[in-house]
Amino acid sequence: MSAASTGDLWWKNAVVYCLDVQTFFDGNGDGVGDFRGLTERLDHLVDLGVDVLWLMPFYPSADADDGYDITDYYSVDPRLGTLGDFVEFLRTAHEKGFRVIADLVVNHTSNQHPWFQAARSDPDSPYRDWYVWRDEPGPTRPGDVVFPDRETSLWTKDRKAGQYYLHRFYRTQPDLNVANPAVRDEIARIMGFWMALGLSGFRVDAVPFLLETHGPGGSPGVDPDLPDPHGYLRDLRAYLNRRHGGAILLGEVNLPHAQAREFFGDEDGDELTMLFDFPTMQAMYLSLARGEAGPLRTALSGRLQTPDDCQWAVFARNHDELTLDKLSGAERQEVFAAFGPDEDLQLYGRGLRRRLPPMLDGDPARVRLVYSLTLSLPGTPTLFYGEEIGMGECLALEGRMAVRSPMQWSAGDLGGFSADADLAPDRLTRPFPAPPYAPDQVNVADQRHDPESLLSFLRQRIRCYRENPEFGWGTPTVLDHEIPSVFAHRSDWSGGTVLAVHQLGPDPVAVPLTLPGEPTGSALVELAASTPGGRPGTRLPVDGETVTVDLAGYGARWFRLVRPGDVRLL
């Protein structure tokens with residue numbers, strides 16, 4: 001793959017920013033974020049340097065699961081504006097250089113959706129087979145229930161229908177039956193509608209659940225006449241590419257690397273374009289808890305190579321609980337003990353309902369370390385709104401909603417969130433976190449012009465990431481050395497090499513690294529640093545294929561390997 005090909009696979013070196021329209025900015029002064037407000041705040045995201053906006057669900061909803069229980073796939077929640085407001089936002093976003101993707105939530109609908117209401121009302125309705133029914137409840141194995149605090153079974157009896165229906169999530173979210181060709185056609189129609197308005201793809205919710213097929217009576221898919229799940233995913237990708245050649249499917253597939261790799265498809269990558277790398281994220285937190293690089297080294301070394309047209313997406317935090325379900329029970333308890341020992345901070349026994357800075361006791365060096373890792377690990381980095389300023393969680397909100405409080409734009413009771421400065425604070429869509437993470441302590445306005453702020457740090461790191469495509473495109477290699485607390489890796493692509501070195505422990509260290517085969521006269525030239533003594537342009541000669549890198553406690557340094565005659569700009 002040559003450097004000239006990078007524009008075709010734009011997501012390889014992108015930075016994705018996830019936001020909820022409802023909690024970003026209130027443009028009409030009613031206390032609820034909306035598309036008008038999001039449009040007004042796009043310049044903040046231009047300044048940050050992200051280039052892909054991922055919108056959480058903005059469709060009409062029964063609002064029993066923060067928009068993930070949809071009642072109409074072809075419109076906009078009236079609290080957030082009109083379809084016209086959405087189109088105006090999209091036009092403005094494109095003018096400012098953004099691509100926009102949106103949540104595709106088609107594993108289930110709301111039980112208030114007209115399809116389900118028709119299905120439950122009449123056994124002869126054409127929508128009856130759009131859902132999965134059986135006369136008696138099917139089996140529910142340990143671990144099957146996604147929300148064990150609220151549900152005990154995958155099956156609920158609908159009195160009007162006289163049968164049980166399947167729901168992987170809440171009982172208010174009945175699963176669609178993707179074995180039905182009419183359902184598959186409707187999903188394609190939904191995708192086509194939003195792409196016609198200008199979307200560049202979708203973040204596909206709960207992909208493994210979406211692909212489940214069920215035989216007669218709701219039994220697991222063993223009937224040879226049922227569609228092949230991966231064949232269906234290939235069909236969706238082909239349809240997407242016919243409609244929009246550069247569009248992507250970013251999949252939520254929380255599985256071990258070997259199983260997740262199957263969702264990319266064959267060697268040509270004909271299924272999902274990108275997958276979130278859950279195993280590496282979870283290993284990173286175990287490494288942080290221990291102050292040892294071993295778990296992260298193991299996870300990254302075990303990650304399978306993607307097809308050329310695909311990519312892993314890396315992240316430190318997302319909109320759900322910080323899931324740790326792929327760690328062993330003992331490992332999970334290590335992370336809980338380090339970052340959320342109180343039961344109120346934990347969720348479902350598998351995760352944490354916390355944002356990053358409170359987990360790290362507000363330590364700026366450790367917070368910067370994590371984002372340096374996130375932006376340098378091979379893959380496409382994804383940020384969650386508010387991460388750029390170090391927002392904390394609001395524990396007054398239930399469950400995983402704790403991390404979905406309003407964006408904090410300035411100090412004051414309203415946090416600069418509403419266009420109506422006289423709005424009563426209790427009219428805001430949700431409360432803010434308590435001090436020391438309240439708007440008076442954490443906001444965009446205070447950090448915009450502060451060169452030492454987290455916002456300034458992330459702006460600089462994102463720019464550096466974008467200027468050095470090896471981070472996104474390169475083939476990663478974990479570097480061997482003798483310092484257990486240090487994670488070091490290189491990424492090689494198109495004749496160029498970058499290195500990133502991170503100290504996960506609190507003590508200063510000197511790390512000897514071996515770079516086999518590098519010619520005499522080579523050197524590491526610093527691209528970015530968050531450690532005393534490191535600064536861009538610092539040159540470390542490679543002497544006899546070895547070089548020593550000094551790191552402060554929780555320090556991080558990025559380098560380009562410059563060989564004799566190299567003409568790349570630094």
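**Exercise 1.** Which residue in β6 is the bridge partner of tryptophan 155?

*Solution.* Keep in mind that this is a predicted model. Start with the strands: β5 covers 155–158, and β6 covers residues 163–166. The two run antiparallel and are joined by four bridges. Tryptophan 155 has leucine 166 as its bridge partner in β6.

Now step back to the whole sheet. It's an open one with three strands, in the order β4-β6-β5, and the pairing is antiparallel. β4 (133–134) and β5 sit at the edges, each pairing on one side only.

**Exercise 2.** Work out what lines the largest pocket and which domains contribute.

*Solution.* First, the space: about 750 Å³. Next, the lining, which has 34 residues; Val146, Phe169, Phe209, Asn254 and Asp325 lie nearest the centre. Sort the lining by character and you get 15 charged, twelve nonpolar and seven polar residues. Helix α6 (residues 207–210) gives the most, with three residues. Finally, domain 1 (3–109 + 181–463) and domain 2 (110–177) each supply at least three residues of this lining.

**Exercise 3.** Why does the second largest pocket lie between domain 1 and domain 3?

*Solution.* This pocket holds about 360 Å³ of space. Of its 22 lining residues, Gln305, Thr306, Gly474, Thr475 and Pro476 lie nearest the centre. Then look at the elements: α10 (294–302), β10 (311–315), α16 (470–473) and β15 (475–478) each give at least two residues, with the largest share, four residues, coming from β15. Domain 1 (3–109 + 181–463) and domain 3 (473–562) both give residues to the lining, so the pocket lies between them. By character, the lining splits into ten nonpolar, nine polar and three charged residues.

Notes. Residues are numbered from 1 along each chain as its sequence is written. This is a predicted model: local features need pLDDT of at least 70, side-chain atom pairs count only at pLDDT 80 or more; totals for chains, interfaces and linings use all residues. Side-chain values use heavy atoms; hydrogens and water are left out. Two strands pair if DSSP finds at least two bridges between them. On a 1 Å grid over the protein atoms alone, a cavity is a set of points where a 1.4 Å probe fits but cannot get out, and a pocket is an open set with protein on both sides within 12 Å along at least five of seven lines; lining residues have an atom within 4 Å of a point. Grid points are joined across faces, edges and corners, and a volume is the space filled by probe spheres set on the points. Ala, Val, Leu, Ile, Met, Phe, Trp, Tyr, Cys and Pro count as nonpolar, Asp, Glu, Lys and Arg as charged, and the others, Gly among them, as polar. Domain bounds come from an automatic or database domain assignment.
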